[in-house]
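Work through the exercises below with the model open. Each task is followed by a solution in steps.

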Amino acid sequence: MLQQARSLLEKHYGYSSFRNGQEQAIQSVLEGNDTLCVMPTGGGKSICYQIPALMFQGTSVVISPLISLMKDQVDALLQAGIPAAYINSSLSAADVHERMMKAKQGEYRMLYIAPERLESYEFMNQLMELSIPLVAVDEAHCISQWGHDFRPSYQRIQRMITQLPVKPVVMALTATATPKVREDICQSLNIDEDHSILTGFARENLSFSVVKGQDRLPFLKDFLKKNETESGIIYAATRKNVDQLHDLLNKNGIRVSKYHAGMSDEDRISGQEDFLLDRTSVMVATSAFGMGIDKSNIRYVVHYQLPKNMESYYQEAGRAGRDGLDSECILLYSPQDVQVQRFLIDQSSDRMRMPQELEKLQLMVDYCHTENCLQRKIVQYFSEMDMPPCGRCGNCTDSRESRDVTKEAQMVLSCVIRMGQKRFGKALVAQVLTGSQNRKVIDLSLNQLPTYGIMKDKSAKEVTSFIEFLISQDLIGVEHGTYPLIYVNPGGKDVLMGNMPVQRKEAVQTKTLAAGDP
Ligand code: ADP
Ligand code: ZN
């Protein structure tokens, strides 16, 4: 069986061997198991359902969330000589009808459909008439409220499957599955969790780094100059940021395109094409850019501002180095960005989801403050698996000496305890420690505390950053209500009792970052 799979890989895709995980995933499906396949972006998930679809009799159905993604996939299949079609809201009723007729005659090996289709009674009736050996659910995290892209219509998939006259094999695929999301997917689609294929989340050709305490624009210009001949993406948080940054780089003679949802279709498409065809080397974009884009020679992805969570970050950063060559993923961190993201969360999400989103944002902030291996931090986030330090990332290659900061940590921790657990945020704690005369400090008589002013040789900003570091080390916890309130974790108590030392690399000289905009 696998022999045949291999020859199809050669014949249709021109590849001589399977990548890590592909073979196991295909085998599991061929054995008739409903299977969850979790692979990082660029890992090669499409082949995992396409090859079984080529081996089964009948028309396999692929659920896919994005119209553009669907069209690209189908075009690629047609080019490889595989008959396929898609059905979504971009088609007229007559076109849908025609494609469904052809599907009934068995003319397609694969039929891509948008999940919203499943809400149509008529469409469901037509599906019942097909012979469907396999249902592949792409971007399966959309099933879960815990995913970053919840789609209510994904929850109809299981009902569709149970209504089919012959039960198909079900395959769910995603790049971003925390254990909770994985559990949700398996539960929703009735997949036995033992039939999960998880491949290494580490991307061996990517080196991650976080740049803190530097002016970002000069850093970026310098970086682009050094990488003039390479192709890369710069993600910015808002449309306005994208416009500004684009104009600025353009003025500096850099060949740059832009992409965000506020542009006309025409401008967006032409900018995208310029970038894909290497007419421009840099793409400045919001997170709207990238889904379904398969440009393999992206050498770097720079995040000009903090993304909203690790899922978005890894998906966006993961667009670098799809060809397997060494590539860089750089995140430019400035504390103000956290406020921007908090604000965006406050504006957009429904109230029910807010605590979750804030918690995810906090984990993103932790990523920026950890001194441990960044790739390892990512892998642990997504899979709760462990890996040795990557040896490539900004932290692994940071040769600065660690300093013992146990004393300072104890000062902070005892101040948090004296101010009351889960009562205040880190900014106020920093003010108390540095002896601020702030109204709130005085009004609450916090200047009477024995820990008041014990770190007054430091700036409030330095102390805040140190608190962030202690949070990233799990010594301080954060509770997300209207305001994030901090408290001392069990680990922090160990430090207070002198049972655990704390080490930190010497912080770089912090300069003030220009607020928000480029
Ligand atoms: P994903 O959906 O996991 O993000 P894709 O299925 O789009 O990834 O595949 C990413 C890239 O890797 C594509 O260009 C694809 O052709 C390529 N690819 C997939 N499988 C292999 C393989 N076995 N050998 C070489 N390249 C592969
Ligand atoms: Zn590392």
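**Exercise 1. The seven-stranded sheet**

Task: In which order do the seven strands of the open sheet run, and which strands stand at the edges?

Solution:
- Start with the terms. Helices (H or I, at least four residues) and strands (E, at least two) are DSSP runs, numbered from the N terminus. Two strands pair if DSSP finds at least two bridges between them.
- Read off the order: 3-4-2-5-6-1-7, with parallel pairing.
- Now take the edges. Strand 3 (84–87) and strand 7 (196–198) each have a single partner strand, so one side of each is left without a neighbour in the sheet.
- Neighbouring strands of this sheet are turned by 15° against each other on average, direction ignored. Axes are lines fitted to C-alpha atoms, for helices over the stretch in contact, and angles run from 0 to 180 degrees between N-to-C directions.
- Look at one pair inside the sheet. Strand 5 (residues 134–137) and strand 6 (residues 169–174) run parallel and are joined by four bridges. V135 has V170 of strand 6 as its bridge partner.
- Add the helix. Helix 2 (residues 22–30) lies across strand 1 (35–38), strand 5, strand 6 and strand 7. Its angle to strand 1 is about 170°.

The model is predicted: local features need pLDDT of at least 70, side-chain atom pairs count only at pLDDT 80 or more, and totals for chains, interfaces and linings use all residues. Residues are numbered from 1 along each chain as its sequence is written, while chains are lettered from A and ligands numbered from 1 in the order in which they are written.

**Exercise 2. Ligand 1 and helix 3**

Task: Which element gives the largest share of the shell around ligand 1?

Solution:
- Count the shell: 15 residues surround ligand 1 (C-beta atom, placed from the backbone, within 6 Å of it). The closest are Y15, G43, G44, K45 and S46.
- Assign the share. Helix 3 (residues 45–55) gives the largest, with three residues.
- Sort by class. The shell has four nonpolar, seven polar and four charged residues. Ala, Val, Leu, Ile, Met, Phe, Trp, Tyr, Cys and Pro count as nonpolar, Asp, Glu, Lys and Arg as charged, and the others, Gly among them, as polar.
- Check the burial of helix 3. Eight of its eleven residues are buried, so helix 3 is largely enclosed by the rest of the structure. A residue is buried if 20 or more other C-beta atoms lie within 10 Å of its own, exposed if 12 or fewer, and partly exposed in between; C-beta atoms are placed from the backbone.
- Name the buried residues: K45, I47, C48, Y49, Q50, I51, P52 and A53.

**Exercise 3. Two helix pairs**

Task: At what angle do helix 1 and helix 3 pack, and at what angle do helix 14 and helix 19 cross?

Solution:
- Helix 1 (residues 2–13) packs on helix 3 at about 105°, with the axes 10 Å apart. That makes helix 1 roughly perpendicular to helix 3. Angles under 35 degrees count as roughly parallel, over 145 as roughly antiparallel, 65 to 115 as roughly perpendicular and the rest as oblique.
- Q4, A5, L8, L9 and Y13 of helix 1 meet I47, I51, L54 and M55 of helix 3. Contact here requires C-beta atoms, placed from the backbone, within 7 Å. By class, there are eight nonpolar, one polar and no charged residues.
- Helix 14 (residues 354–369) and helix 19 (residues 460–472) cross at roughly 105°, their axes coming within 8 Å. This pair is therefore roughly perpendicular too.
- V365, D366 and H369 of helix 14 touch E468, F469, I471 and S472 of helix 19. The classes are three nonpolar, two polar and two charged.

**Exercise 4. The six-stranded sheet**

Task: Which strands are the edge strands of the six-stranded sheet?

Solution:
- The order is 8-13-12-9-11-10, with parallel pairing in an open sheet.
- Strand 8 (206–212) and strand 10 (256–259) pair on one side only.
- Strand 9 (residues 231–235) pairs with strand 11 (residues 282–285) over four bridges. I234 stands opposite V284.
- Helix 10 (residues 239–251) lies across strand 9, strand 10 and strand 11, at about 155° to strand 11.

**Exercise 5. A317**

Task: Is A317 buried or exposed?

Solution:
- Locate A317: helix 12 (residues 310–317).
- A317 has 27 C-beta neighbours inside 10 Å, so A317 counts as buried.
- A317 touches V301 and C329, not counting residues up to four places away in sequence.

Note on methods: Two residues are in contact if their C-beta atoms, placed from the backbone, lie within 7 Å.
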